[in-house]
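Thank you all for coming; I would like to spend a few minutes on charged side chains and how they pair. Please have a look at the structure before I go on.

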Amino acid sequence: MTGRSSHPPETQHSVSARLKAHKDIILQLWMDRVRQAIPAARAQEASQLRNNVPGFLEYLVTALAPERLRPVSDEAPNGLSRDHGQQRSSIETYSLHQMLREYQLLREVIFQVLEQDGPVPPLERDIILSAIEQGMAEAGARFMQLVQSRERAIEAHSRETAQLEARKAIEESEARFRLIANALPQIIWTATSRFLRRLVQ
């Protein structure tokens, strides 16, 4: 692939223009689909749910513009996707599978809306699919990185807590032993010249 489309400029521009014109519809339809498919999403405020998806759509509008039309392998919105993965990882009820499902739903909605006005040419389709696939990869990697980091922190805290509790139990046991020992009468053993032991209290 040379990085330039063989389609006429107006066809190239029409995909970007269609996406720009319908991005609010795409966003709302995507949010509705996500809430239907992902139980954890239903409890989220609209601003939390959409997060930076509007920015992702804006990126696609720019990437699909005639003067920039080319594959996005070196230009994927990695920062947006990493931020999305980070935000979703902070929601306790969200899983990696649920977050990746969001990207799948976004892909479905984008093509559903765009293709109402006509087919999406192969190069433009590839650009959209590549951006979404790379977004999934970046968001997924960030999500897992943060989840595993928190799990390690929890494990370290649990080990530290267990050590503190064990140390406290030993100290309490030693204190009880000292209390018992101090309460006992003093016992002294002596020995006679014939090596017979005698107890003296």
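Since I will be speaking of exposure, let me say that a residue counts as buried under 20% relative accessible area, as exposed over 50%, and as partly exposed in between. Please keep in mind that this is a predicted model.

Side chains of opposite charge can pair when their charged atoms come close, and here the count comes to 6 salt bridges.

Let me begin with E138, which forms a salt bridge with R82, the closest N and O atoms lying 3.0 Å apart. Because E138 sits in helix α6, residues 122-183, and R82 in helix α4, residues 78-89, this pair ties together parts that are 56 residues apart in sequence. R82 has a relative accessibility of 35% and is therefore partly exposed, and E138, at 25%, is partly exposed as well.

Are the partners in the next pair, R88 and E102, buried or exposed? R88 is buried, with a relative accessible area of 1%, and E102 is buried too, also at 1%. Their closest N and O atoms are 2.9 Å apart, and since R88 belongs to helix α4 and E102 to helix α5, residues 96-114, the salt bridge joins parts that are 14 residues apart in sequence.

Turning to R125 and E115, their side chains meet in a salt bridge at 2.3 Å, N to O, with R125 in helix α6 and E115 in the loop between α5 and α6. R125, at 28% relative accessibility, is partly exposed, as is E115 at 37%.

Finally, K23, D24 and E58 are linked in a network of salt bridges.

How values were computed: Residues are numbered from 1 along each chain as its sequence is written. This is a predicted model: local features need pLDDT of at least 70, side-chain atom pairs count only at pLDDT 80 or more; totals for chains, interfaces and linings use all residues. Side-chain values use heavy atoms; hydrogens and water are left out. A salt bridge is a side-chain nitrogen of Lys or Arg within 4 Å of a carboxyl oxygen of Asp or Glu. Helices (H or I, at least four residues) and strands (E, at least two) are DSSP runs, numbered from the N terminus. Buried means under 20% relative accessible area, exposed over 50%, partly exposed in between (1.4 Å probe, protein chains only).
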